[in-house]
Amino acid sequence: MITGKYPSLRLRRSRKNEWSRRLIEENTLSPSDFILPVFIIEGKNKKQKIKSMPDVYRYTINYLGKIVDKAIKDGIPMIALFPHTESKRKDTLGSEALNDDNLVCRAIQFIKKKYKNEIGIMCDVALDPYTSHGHDGLIESGYVLNDETIDILIKQSLLQAQMGCDVIAPSDMMDGRIGKIRKSLDDNGFEMTQILSYAVKYASSFYGPFRDAVGSKGLLKGDKKNYQMDFKNADEALREMSLDIKEGADMVMVKPGMPYLDIIRLVKDNFKIPVLAYQVSGEYSLLSNSIKKKLIDKNSILESLIAFKRAGANAIISYYADRLDKILK
Ligand code: PBG
């Protein structure tokens with residue numbers, strides 16, 4: 001209970017000096033709180049600008065050493081790999097997802113060979129980088145099929161685990177996939193491969209720049225509302241969470257980030273499991289463009305990131321994770 005009253009009680013007293021503000025701060029950030037997303041492309045020695053995401057690039061595999069060296073030096077625990085797949089490799093079934101020589105497989109092997117366990121690797125499990133229609137699963141009459149899609153996701157997960165991926169991250173929102181993927185990993189000797197479930201993923205307009213980055217933007221027909229969550233709902237997020245936790249998720253994610261801080265708090269208050277926040281591409285580009293236009297100053301980045309910690313997130317996937325030296329100091 002707060003005792004006393006003005007004028008003897010003055011909350012501004014403890015805010016007066018910087019040392020005092022530091023002493024009473026409730027939340028902090030360190031590099032250990034971050035996952036760095038990395039976009040990869042075919043070719044050699046390429047660092048390719050992404051139009052819709054200022055200061056974010058696609059890299060060829062031989063370039064990854066530089067990125068990973070820096071991430072390790074910065075103290076980042078894990079990177080997330082996202083492939084930009086050439087359109088000639090896409091089809092309606094997303095077959096390229098199961099090609100053991102695809103971009104992601106080669107990138108995982110490159111990093112694991114060079115860095116062993118110095119850094120974790122997480123990979124999305126979903127078909128959207130590989131399908132000609134841009135959806136996360138197989139389609140029949142405009143509907144994304146659940147069980148048929150899971151059959152492929154199981155194989156995609158297993159392939160990534162075999163390549164050395166540490167954390168399998170299903171981002172597809174099919175029902176029941178966590179349990180099935182867990183079982184198949186266990187049956188095949190990958191009982192130590194972790195699963196990070198994108199358990200609560202909303203059908204959001206904030207993913208636009210990401211779809212440009214992985215090359216699925218122009219392809220996507222319709223929207224993802226028959227599998228991703230309706231942004232009007234919060235109770236449903238708890239149901240999604242509880243199912244994925246029961247099915248064996250090691251960590252869960254809420255996505256997008258900033259418009260869904262209430263959901264992060266809700267999940268954290270209801271489940272004692274590591275909860276990750278994804279500061280998605282649209283949030284990133286909104287902030288970055290506004291800073292470039294000098295509408296807001298760059299401390300807004302730190303403010304946006306601390307908000308996730310305050311809401312209860314254990315860690316944050318953020319496109320700013322390669323610039324933490326400047327942001328956190
Ligand atoms: C793929 C996937 C998406 C994102 C991460 N994994 C896009 C989507 O579901 O359409 C979005 C990430 C971002 O916007 O930064 N399933």
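Biologist: What makes glutamine 228 a polar contact of the ligand in this model?

Modeller: The model is predicted. An oxygen atom of the ligand is 3.0 Å from an N or O atom in the side chain of glutamine 228. A polar contact is a pair of N or O atoms within 3.5 Å, so this pair counts as one.

Biologist: Which distances put aspartate 128 and aspartate 136 under that heading?

Modeller: For aspartate 128, a side-chain N or O atom is 3.2 Å from a nitrogen atom of the ligand. For aspartate 136 the corresponding distance, again to a ligand nitrogen, is 2.9 Å. The cut-off is 3.5 Å, so both pairs are polar contacts.

Biologist: How much of the ligand does the protein bury?

Modeller: The ligand taken alone exposes 400 Å², and the protein buries 100% of that.

Biologist: Which residues come nearest to the ligand?

Modeller: Of the 17 residues around the ligand, those are Lys201, Lys224, Lys255, Ser281 and Tyr319.

Biologist: Turning to helix H4, how do you know that its span agrees with its number of residues?

Modeller: H4 has 17 residues, 147-163, and at 1.5 Å a residue they should span 24 Å. The end C-alpha atoms are 25 Å apart, which agrees.

Biologist: Why is H4 called mostly covered?

Modeller: Buried means under 20% relative accessible area, and 12 of the 17 residues of H4 are buried, so the helix is called mostly covered. Among them are Thr149, Ile150, Leu153 and Met163.

Biologist: What covers those buried residues?

Modeller: The cover includes helix H3 (103-115), helix H5 (177-187) and strand E5 (120-125).

Biologist: What follows H4?

Modeller: Glycine 164, with a positive phi near 120°.

How values were computed:
Residues numbered from 1 in each chain as written. Predicted model: local features only at pLDDT ≥ 70, side-chain atom pairs only at ≥ 80, totals over all residues. Heavy atoms only, no water. Helix = DSSP H or I, 4+ residues; strand = E, 2+ residues; numbered from the N terminus. Expected span 1.5 Å × (residues − 1). Buried < 20%, exposed > 50% of the residue type's maximum accessible area, 1.4 Å probe, protein only. Contact = heavy atoms within 4.5 Å. Near = heavy atom within 4 Å. Polar contact = N/O pair within 3.5 Å; in protein donor to acceptor, adjacent residues only side chain to side chain. Areas by Shrake-Rupley, 256 points an atom, 1.4 Å probe, with all protein chains shown as cover.
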